[in-house]
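Reader: I would like a close look at a single part of this structure. Please keep it brisk, and take me from that part to its surroundings.

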Amino acid sequence: MAATGGKQIKSVLIVGGGTAGWLAACHLAKKLNSKDPDGVQVTLVESPNIPTIGVGEGTVPAIRRSLQYLGISESEFIQACDVSFKQSIKFQDWLFNPDDRRHAYHHVFDYPVQNGCDLTPYYLMGLAGDDSYVNTVSVQGGLCDAGYGPKTMTHREYEGVVSYAYHLDAAKFAAFLTKHATEKLGVIHQLADVETVTLGDGGMIASIETPQLGTMTADLYVDCTGFRSLLLGDTVGVPFVDKSDILFVDTALAVQIPYGDEKAVPCHTIATAKEAGWIWDIGLLNRRGTGYVYSSAHTSHDAAEQVLRTYARETLGDQADDLTLRRIPMKVGYRQKFWEKNCVAIGLSQGFVEPLEATGLLIFDATARMIAEQFPATLEAMPALADRFNARVTHTWEKVIEFIKLHYVLSRRTDSDFWIDNRRPETIPAALQQNLEIWRHQPPTAYDFSSRLEVFNLENYLYVLYGMDFQTNMAPLKARYSMDQEAAATMQAIKGHRQQLAGQLLPHRELLMRAQ
Ligand code: FAD
């Protein structure tokens with residue numbers, strides 16, 4: 001079939017300069033060769049008056065691949081963005097009422113060790129004794145608890161003895177990406193307030209109007225305006241699909257906390273469950289970023305503030321009473337479509353769920369790369385690509401929602417309506433219910449995950465399910481697993497490897513100080 005022509009897409013206008021806007025700018029400019037006069041021109045316009053959301057400090061390992069691909073030096077990034085390393089999320093008090101029994105587990109980033117012998121069934125059959133799941137199958141939980149960083153000073157950039165991601169200062173990260181995009185990748189940066197978005201033929205965006213720069217036009221518009229979704233939501237009119245019937249957390253109280261007497265910088269995010277949500281605690285080199293995300297239907301803002309101050313008091317004492325907290329309302333869900341006509345949304349304008357597994361930057365980075373890789377050459381090529389993009393990204397959001405919900409469904413807390421309501425069957429997606437039904441009778445396998453593009457896979461589910469003491473009935477399956485000796489030897493080898501690594505690695509703070 002002969003190729004058809006159509007108007008070429010030569011320019012992209014990104015509205016919004018938060019981390020989503022700048023990640024999108026970097027991916028598009030890199031792939032579309034914006035430095036070259038024959039490449040696609042990428043312009044980012046952001047308001048000098050509307051601040052970015054200013055939170056979003058946790059990432060997942062995929063960010064390493066992206067930063068490296070974008071040509072960013074890891075050491076420059078670490079120095080510019082007050083970065084610390086992240087090897088895990090440590091979940092505290094998610095399983096039991098904390099007054100009855102304390103509980104914690106790690107969702108680490110390293111794959112469970114296999115060496116030809118899948119240890120999970122043997123762990124479930126009791127071969128590991130009292131060891132936790134994570135310590136049975138991986139060295140990483142132990143390294144986190146002992147306070148080690150994930151790499152030595154001699155490792156190459158983006159490489160470590162175990163997988164890792166970063167904690168970072170969100171505002172500094174946006175500024176760092178701005179510099180990289182404009183100086184190295186050819187992105188044009190403009191400051192202006194978008195007051196009007198004008199639709200033209202067939203509902204396509206024709207232009208945007210700004211008081212500072214007048215009318216601006218492009219072939220494709222990228223909405224990175226945050227929760228407001230000025231282009232895709234407000235103007236193009238794509239509805240928001242609310243998911244607060246599944247995930248109840250809808251408000252954040254955020255605060256930056258100075259270090260008290262504690263010297264260690266945790267190499268993991270700490271997520272501590274509370275009566276109507278949970279508190280995140282992220283240690284950067286010079287301060288902690290902390291916040292309580294909670295369900296406003298299950299607690300009052302005043303009570304939430306008290307919960308966060310009490311938490312801060314544990315390390316800060318009375319100074320915690322002077323902290324200035326910032327309340328952020330959150331829209332839980334995603335747009336019915338993410339790409340409609342000549343408008344694509346990346347960032348909070350696309351969707352959002354509570355930051356329990358640091359999914360924001362992950363999805364925005366992945367979808368920005370997806371658009372860049374499949375960028376339409378002509379307007380004619382756009383509708384089919386948009387349809388495919390919409391289907392894939394909807395699937396991504398659905399799967400992320402299931403994974404976040406899993407953390408609540410596995411809890412046995414009964415100390416508040418928040419925890420009880422979270423386990424009501426009508427709030428649990430059908431696909432998650434079906435998975436749990438299957439996994440009651442056999443451990444998860446890779447066949448339970450249908451798409452390479454799913455952001456949470458087998459290993460993520462294993463760490464959360466068995467970290468939360470999920471019960472799989474292994475009794476009828478025993479005959480399938482006869483490699484006890486190999487499994488026991490592998491478990492022993494993991495312990496030995498952990499001890500050996502502890503002798504090579506630096507305490508996390510020391511590693512960060514040396515990286516400065
Ligand atoms: P914003 O940062 O809100 O940026 C919007 C941009 O649009 C700004 O530049 C603004 O000036 C511009 N703009 C708006 N209106 C106009 C206009 N009319 N004209 C011109 N410009 C305009 N993600 C993670 O990955 N990990 C985390 O740990 C994490 N924690 C989070 C915690 C909380 C409480 C919340 C709410 C979010 C968290 N996120 C996290 C998500 C993360 O904050 C976002 O993914 C990220 O900051 C991207 O935001 P954004 O760029 O879409 O929007």
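Author: Start with strand β4 and its pairing. The model is predicted. Strand β5 covers residues 104-108, and five bridges join β4 to β5. These two strands run antiparallel. For a concrete pair, take S88: this residue stands opposite V108 in β5.

β4 also pairs with strand β14, residues 269-274. Here the sense is parallel, and the pairing has four bridges. Look at Q92 to find this pairing: Q92 stands opposite T272 in β14. So much for the partners. How much of β4 is covered? Mostly: the strand spans residues 88-92, and four of its five residues are buried.

Now step to K86. This residue is found in strand β3, which spans residues 84-86. The UniProt record, an unreviewed entry, places the feature "active site" at K86. Is K86 buried or exposed? K86 counts as buried, because 28 C-beta neighbours lie inside 10 Å; the cut-off for buried is 20 or more.

Which residues does K86 touch, leaving aside its neighbours within four places in sequence? One run of contacts is Y164, A165, Y166 and H167. C267, H268 and T269 are also in contact with K86. G58 and T59 complete the list. Note T269 in particular: K86 is in contact with T269, and strand β14 covers residues 269-274. That is the β14 that pairs with β4 in the parallel sense.

Two other parts deserve a look. One is an open sheet of three strands, in the order β12-β18-β21. Its pairing is antiparallel. β12 (240-242) and β21 (351-352) are the edge strands, each pairing on one side only. Strand β18, residues 333-335, is joined to β21 by two bridges. Within that pairing, Y334 has G351 in β21 as its bridge partner.

The other part is a helix pair. Helix α1 is residues 19-31, and helix α10 is residues 359-373. Their axes lie 9 Å apart, and the packing angle is about 25°. Therefore α1 is roughly parallel to α10, as angles under 35 degrees count that way. The crossing of α1 past α10 is right-handed. On the α1 side, the residues that meet α10 include L23, A24, H27 and L28. On the α10 side, those that meet α1 include L361, F364, A368 and A372. Charged names appear in the meeting residues too, among them K31 in α1 and D365, R369 and E373 in α10.

Terms used: Residues are numbered from 1 along each chain as its sequence is written. This is a predicted model: local features need pLDDT of at least 70, side-chain atom pairs count only at pLDDT 80 or more; totals for chains, interfaces and linings use all residues. UniProt positions are given in the numbering used here, feature names are shortened, and annotations may be inferred rather than shown by experiment. A residue is buried if 20 or more other C-beta atoms lie within 10 Å of its own, exposed if 12 or fewer, and partly exposed in between; C-beta atoms are placed from the backbone. Two residues are in contact if their C-beta atoms, placed from the backbone, lie within 7 Å. Two strands pair if DSSP finds at least two bridges between them. Axes are lines fitted to C-alpha atoms, for helices over the stretch in contact, and angles run from 0 to 180 degrees between N-to-C directions. Angles under 35 degrees count as roughly parallel, over 145 as roughly antiparallel, 65 to 115 as roughly perpendicular and the rest as oblique. A crossing is left-handed if the near helix is turned anticlockwise from the far one by less than a right angle, and right-handed if clockwise.
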